[in-house]
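Please open the model in your viewer and keep the selection panel at hand. The tour goes from stop to stop, saying at each one what to select and what is there.

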Amino acid sequence: MPTADFVTVDVFTTERFAGNPLAVVPDARNLTDQQMQRIAIEFGYAESTFVLPPENPENSARVRIFTPTMEIPFAGHPNVGTAYVLGQRRELFGKPLADTLRFEEIAGLVEIKLLREAAGVIGATIRAPRPLETGVEIEPGLIAGCVSIDEKHIRTTTHKPVFASVGLAFAITELDDLEALAAARPNITVFHEAAAKHTGPEGDFPIFLYVRSPENPFAIGARMFAPLDNVMEDPATGSASAALSAFLVTRAPEMDVEVHVTIEQGVEMGRRSIIDLDVVKKAGTVTDVTITGRCVPVMRGSIDV
C-alpha cells in the first residue's frame, strides 16, 4: 500500500503542545487532490500542507494548503511551519536549500526567511503575498450573535467589523476588553446566517476578534473562529494577524512608519501562541507585512494512502 511521510510541528510557540499544530507532507508528488483533502480531514488540524516541485525552477516549492473542508490560497502558520520543516533538510527536490525560500501558492509567491540559532533552524519569517484588501462592513449585531456576546462589547469607534485580507479574508472585529474576548463562543446557526448574508470566496465567514492593550495599542489579544470550515477555534492565525496589522497601520495617522505588532492568541484554548509582525507604511500606504514565528517538532511518521 502506498504511503506518504509526514511531520507535525507546533507553530508560533517555543513549547511543545502549545501554539498551532500543523501537518506537513514534505513530498506530495504521488498524491492526488482527493488524497490531500482526505489526509487533511484525517489530521483534523486547521491546516495541513503538501509540498510539490515548483512550476518555476527559480522558486523553492509549490505548497498547497488544505483545511478539513477545502484548499485555501494562503495562511500564515502553514507557511511558517512548512518552512521550518523543510529547513531541517539540506536539499529539496534535488536542489540545495538556501535561507530564503519562495513558495508558489494560489494567493501568489510567498517569500520566506529561515530563522537560525546555533542549534539550527528555529522558525521562519514570511511576507504576506498580497497588499491589504478591505471588503464590506458587517453589522455589529451579526458578529455578536455569531460569537454569543452582547453587541455592546463590540467597539466601533475605530472601525466597524469589516472584511480584511492579505491573501485570505477575515471579519476583523474589535472588542472592548479581554473579559468579552474570553466569553466569546461560536454559534454555528448564526454563522450560517452570516455566511448566507455575506458570501465570500471561501464561503466560511471566519471571524477574528481582537482587543488592544491600553498601554500599547500594537500589543493585541485575539481569537479566531471558523466553525463552518470545521475550525471551531484556531490557536494562531498568521493570515488574520497580518490582515489586522496592515489594516490598523493603514488607519494610523503617520504617513511613513514602521510598526512592530505582537498578537497573543490561543490562550483560552490552552495553546498560547505568539505572532510577531512588522508592518512598513510609506506615503500613506502599507507596502510590506512580515509574519514571524518559532516552531517545535512534535511527531513524524507515514500515512497509508
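Begin with the interior of this predicted model, where a search of the whole structure finds 1 cavity of 30 Å³ or more. Its volume is about 180 Å³. To bring the lining into view, select E47, L168, F170, M224 and D229, which are the closest to the centre of the largest cavity among the 23 residues that line it.

Next, colour the elements around that space. Those that give two or more residues to the lining of the largest cavity are helix 2 (76-87), strand 13 (169-174), strand 15 (219-226), strand 16 (231-234) and helix 6 (238-251). Which element gives the most to this lining? Select helix 2, which gives the most, with 3 residues. If you then colour the lining of the largest cavity by residue class, you will find 12 nonpolar, 6 polar and 5 charged residues.

The next stop is strand 4, so select residues 61-66. This strand is mostly covered, since 5 of its 6 residues are buried, that is, under 20% relative accessible area. Now add its partners one at a time, starting with strand 3 (residues 48-52), which pairs with strand 4 in the antiparallel sense over 5 bridges. To locate this pairing in the viewer, select L52, which stands opposite R62 in strand 4.

Keep R62 selected and add strand 8 (residues 100-105), which pairs with strand 4 in the parallel sense over 2 bridges. Here R62 stands opposite E104 in strand 8, so that R62 serves as a landmark for both pairings.

Then follow strand 4 to strand 5 (residues 71-72), where 2 bridges join the two strands and they run antiparallel. Select F66 together with E71, its bridge partner in strand 5, and trace the hairpin of 4 residues by which strand 4 is joined to strand 5.

For the last stop, hide the strands and select helix 3 (residues 140-147) together with helix 5 (residues 188-197), which pack at an angle of about 145° with their axes 8 Å apart. Which residues of the two helices meet? On the side of helix 3, show L142, G145 and C146, and on the side of helix 5, show V190, F191, A194 and K197, which they meet. Coloured by class, this contact of helix 3 with helix 5 has 5 nonpolar, 1 polar and 1 charged residues.

Conventions: Residues are numbered from 1 along each chain as its sequence is written. This is a predicted model: local features need pLDDT of at least 70, side-chain atom pairs count only at pLDDT 80 or more; totals for chains, interfaces and linings use all residues. Side-chain values use heavy atoms; hydrogens and water are left out. Buried means under 20% relative accessible area, exposed over 50%, partly exposed in between (1.4 Å probe, protein chains only). Two strands pair if DSSP finds at least two bridges between them. On a 1 Å grid over the protein atoms alone, a cavity is a set of points where a 1.4 Å probe fits but cannot get out, and a pocket is an open set with protein on both sides within 12 Å along at least five of seven lines; lining residues have an atom within 4 Å of a point. Grid points are joined across faces, edges and corners, and a volume is the space filled by probe spheres set on the points. Ala, Val, Leu, Ile, Met, Phe, Trp, Tyr, Cys and Pro count as nonpolar, Asp, Glu, Lys and Arg as charged, and the others, Gly among them, as polar. Axes are lines fitted to C-alpha atoms, for helices over the stretch in contact, and angles run from 0 to 180 degrees between N-to-C directions. Contact means heavy atoms within 4.5 Å.
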